[in-house]
Amino acid sequence: MSSSIGALIVLQGVMLLPAHAASTVKTGQRVLMIEMTPALCSIQPTRARMRQCLEGYSLTVSGLDMGYGERCGVGSEPRLTPLQLKVVNRVMPDTTVRSQAWQRYGACSPLSAASYFRQITNYAGALKLPNELNTGNSYTVSKARFISQMTRLNSGMPASGIDLICQAGNRRQSILTDIHVCYDGSDFGKCYQVVNNCGSKFIISGGN
């Protein structure tokens, strides 16, 4: 069973990418950054008042690296129509996260803010993720099995096109906090610089 990221987010409902996370190194490659919201809301108490934490989102998008460089738009704000903002809110509900994504990645690209966020919602809407991410429960999963599920659900996605990022929990277990999905244009592609620090098993946190 699977569902699109948009559907998962709407069912249960980001701060900036962690400093250790990888950045794009190949021109033309795009990296969609998905955050495991319950895990990050628990690990980082400063997020507690963010909309996705308060409203119980299971997944959110933190940005799309277009491969054009970083931090080109310091101080600029993305301007979206009310209709587009309503769509973007489903995957990026926090105003600060949207602004940071635009300033760090979108403003470096030749795209307008409307086009940049349309790319995000298009990628997120088409991506299929295992339904287990939406159970609301916490459990340990095999990295190999998780990646196998992802590649089976998304035709054309290579195992090398997924970068899983974990952080240590209270008991030093690896907790999945971010999934990066790499694209070459509209197709799935290989990730050229990865963090891949989850080990052979990790915990998916449902917030319970």
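Biologist: In this predicted model, what makes cysteine 108 count as buried?

Modeller: Its relative accessibility is 13%, and since buried means under 20% relative accessible area, cysteine 108 falls in the buried class.

Biologist: Why, then, is cysteine 72 called partly exposed?

Modeller: Cysteine 72 has a relative accessibility of 48%, and because the partly exposed class lies between the buried limit of 20% and the exposed limit of 50%, that is where cysteine 72 is placed.

Biologist: How do you know that cysteine 72 and cysteine 108 form a disulfide?

Modeller: The sulfur atoms of cysteine 72 and cysteine 108 are 2.1 Å apart, and a pair of cysteine sulfur atoms within 2.5 Å is taken as a disulfide, so the pair qualifies. Cysteine 72 sits in the loop between β3 and α4, whereas cysteine 108 belongs to the loop between α5 and α6 (113–126), so the link ties together parts that are 36 residues apart in sequence.

Biologist: Why is the disulfide of cysteine 41 and cysteine 53 called left-handed?

Modeller: The torsion about its S-S bond is about -85°, and the disulfide is therefore left-handed. Cysteine 41 lies in helix α2 and cysteine 53 in helix α3, so this pair joins parts that are 12 residues apart in sequence.

Biologist: What makes the link between cysteine 166 and cysteine 198 right-handed?

Modeller: For cysteine 166 and cysteine 198 the torsion about the S-S bond is about 105°, so that disulfide is right-handed. Cysteine 166 is in strand β6 (residues 162–168) and cysteine 198 in the loop between β8 (187–188) and β9 (201–204), so the pair connects parts that are 32 residues apart in sequence.

Biologist: Turning to charged pairs, how do you know that glutamate 70 forms a salt bridge with arginine 104?

Modeller: The closest N and O atoms of glutamate 70 and arginine 104 are 3.2 Å apart, and because a salt bridge requires the side-chain nitrogen to be within 4 Å of the carboxyl oxygen, the pair meets the criterion. This salt bridge links distant parts of the chain, with glutamate 70 in the loop between β3 (59–65) and α4 (82–88) and arginine 104 in helix α5 (residues 95–104), 34 residues apart.

Biologist: Why are glutamate 70 and arginine 104 placed in separate exposure classes?

Modeller: Glutamate 70, at 30% relative accessibility, counts as partly exposed, whereas arginine 104, with a relative accessible area of 11%, is buried, because the buried class ends at 20%.

Definitions and conventions. Residues are numbered from 1 along each chain as its sequence is written. This is a predicted model: local features need pLDDT of at least 70, side-chain atom pairs count only at pLDDT 80 or more; totals for chains, interfaces and linings use all residues. Side-chain values use heavy atoms; hydrogens and water are left out. Helices (H or I, at least four residues) and strands (E, at least two) are DSSP runs, numbered from the N terminus. Buried means under 20% relative accessible area, exposed over 50%, partly exposed in between (1.4 Å probe, protein chains only).
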